[in-house]
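Thanks for coming, everyone. I would like to walk through a handful of local features, one after another, and I will explain each term as it comes up.

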Amino acid sequence: MPTALLTDHYELTMLQAALAGGTAGRRSVFELFGRRLPEGRRYGVVAGVGRALDAVEEFRFDDEALAALEGVVDDATVAWLADYEFTGDIWGYAEGDAYFAHSPLLIVEASFAEAVVLETVLLSIYNHDSAIASAASRMTLMAGDRPCIEMGSRRTHEEAAVAAARAAYVAGFANTSNLAARQRYGVPTAGTSAHSFTLLHDSEEEAFRAQVSSLGRGTTLLVDTYDVAEAVRLGVEVAGPELGAVRIDSGDLGVLAHQVRQQLDDLGATRTRIVVTSDLDEYAIAALASAPVDGYGVGTQLVTGSGHPTSGFVYKLVAREDADGELQSVAKKSVDKISVGGRKYALRRRDPDGVAEAEVVGIGTPGRNDGDDRELLVPLVRDGRVVGRETLDAARQRHLDARAELPLEVRSMSKGDPAIPTVFEGV
């Protein structure tokens, strides 16, 4: 589906005025960044890069889109848009990497006309997906080796649910309940039954027998529809000690997990796992660290960014061609919304042990690399052609590596300053 109309009205009125004024073709550099991390967060996670590259490729004004612009822009602008194709260059942080205040997550260099119309769709994708991935990373960090399952589709817009499942997978979630995410992106899916399945039957035992008969002894039985202890007893009676798992979706999860673990062991089901759900977030997962829990199902708090549903990114013009054909830095000076002009470069300064010490943003020229540092910007689009597409598994591994190089304080769930400072170098 073309993405050209996933934009704001004023992008096209700016384009019209620039075309009429003769400035639309000026070489320009736009930067997508956040002025700060969400309050109290120690780091953020870059996500949505692959979706953004798809959106750039699909940014075309077909006949239907052009017809929708009647009364929005003049005929000359419509004619220009009919031939639109991005031909510039894009660099950015690779998907799954960590970011901090003023990290230049995306740098778009093209004519003003080509670059300005991409603003809204790029911000929509990055702001949403990075918010989800940042929350997901905190959850998987607290979960440790215990898998997290994304199950928030019913708590958000149907398309946001697919993007959220993808972003959560990048940040370490094991699978999702969302089948569209499986079909579009290859995210593994999982799921068994809800309370309605138990209530459909004349007894809990009948429901369990139907599920085990169809899905096998390794299935997960939901045990809190009526009485948890009785359901656990029935589950083991029906499936035997080979029962795969039980799921608890209500009550004091920590206390219940201990009770259920003891009961399962007494019944000989020592390998039956315990999965907990019910409004979990990173804090609840951290509180369950000592409980005998084998997996977490997370919904609402994940797909809403665990209190931060957007990343606060902006897309600003930081350089443009002057009368002599040279790039000239430009910057916004508004109170509380200052931007830093100039083409940016970025590296993560690390100590000899590979631990991150600072986010170094070079202005005009790359920051000084002392040999232990890691360059952060990679080519994503060259001369209009996508060159930076990669697999989700590659992004997933990058996230683990990037998180591992951060200082230990990122493991703290208390509010605090960013794990590393941002340092500007250059003019």
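Let me begin with Thr198, which lies in helix α9, residues 195-200; helices here are DSSP runs of H or I with at least four residues, strands are runs of E with at least two, and both are numbered from the N terminus. Thr198 counts as buried because its relative accessibility is 2%, where buried means under 20% relative accessible area, exposed means over 50%, and partly exposed is in between, computed with a 1.4 Å probe on protein chains only. If residues up to four places away in sequence are not counted, Thr198 touches Glu204, Ala207, Thr225 and Tyr226, contact being defined as heavy atoms within 4.5 Å.

Before going on, I should say that this is a predicted model, in which local features need pLDDT of at least 70 and side-chain atom pairs count only at pLDDT 80 or more, whereas totals for chains, interfaces and linings use all residues. Residues are numbered from 1 along each chain as its sequence is written, and side-chain values use heavy atoms, with hydrogens and water left out.

Glu204, one of the residues that Thr198 touches, also takes part in a helix packing. Helix α10, residues 204-215, and helix α11 have axes that come within 10 Å and cross at roughly 40 degrees; the axes are lines fitted to C-alpha atoms, for helices over the stretch in contact, and the angles run from 0 to 180 degrees between N-to-C directions. That angle makes α10 oblique to α11, since under 35 degrees counts as roughly parallel, over 145 as roughly antiparallel, 65 to 115 as roughly perpendicular, and the rest as oblique. The crossing of α10 and α11 is right-handed, meaning that the near helix is turned clockwise from the far one by less than a right angle, while anticlockwise would be left-handed. On the α10 side the meeting residues are Glu204, Glu205, Phe208, Arg209 and Val212, and on the α11 side they are Ala231, Leu234, Gly235, Glu237, Val238 and Ala239.

Helix α11, residues 228-239, packs in addition with helix α12, residues 253-266, at an angle of about 30 degrees and with the axes 10 Å apart. With that angle, α11 is roughly parallel to α12, and α11 passes α12 in a right-handed crossing. Here Val228, Ala229, Val232, Arg233 and Val236 of α11 meet Val260, Gln263 and Leu264 of α12.

Now to the rings: how many aromatic pairs does the structure hold? There are seven, where rings of Phe, Tyr and Trp (for Trp the six-membered ring) pair if their centres lie within 6.5 Å, and planes under 30 degrees apart count as stacked, over 60 as edge-to-face and the rest as tilted. Among them is the edge-to-face pair of Phe59 and Tyr84, 5.3 Å centre to centre with 70 degrees between the planes. This pair links distant parts of the chain, with Phe59 in the loop between α2 (49-57) and α3 (63-68) and Tyr84 in the loop between α4 (75-82) and β3 (89-93), 25 residues apart. Phe59 counts as buried because its relative accessibility is 1%, and Tyr84 counts as buried at 4%.

A second edge-to-face pair is that of Tyr99 and Phe313, at 5.2 Å centre to centre and 65 degrees between the planes. It too joins distant parts of the chain, since Tyr99 is in strand β4 (residues 98-99) and Phe313 in strand β12 (residues 313-321), 214 residues apart. Both Tyr99 and Phe313 are buried. As for larger groupings, Phe59, Phe61, Trp80 and Tyr84 form one aromatic cluster.

Two arginines also lie over rings, which here requires CZ of Arg, or NZ of Lys, to be within 6 Å of the ring centre and within 35 degrees of the ring normal. Arg343 lies over the face of Tyr345 at 4.7 Å from the ring centre, and Arg396 lies over the face of Tyr169 at 4.1 Å.

I will finish with some loop residues. Ser278, in the loop between β10 (273-276) and α13 (282-287), has a phi near 105 degrees, a positive value in a residue other than glycine, and with 31% relative accessibility it counts as partly exposed. Ser306, in the loop between α14 (300-303) and β12, likewise has a positive phi, about 50 degrees, although it is not a glycine; at 11% relative accessibility, Ser306 counts as buried.

Thr304 is also placed in the loop between α14 and β12, and is partly exposed at 29% relative accessibility. Leaving aside neighbours within four places in sequence, Thr304 is in contact with Ile132 and Pro309.
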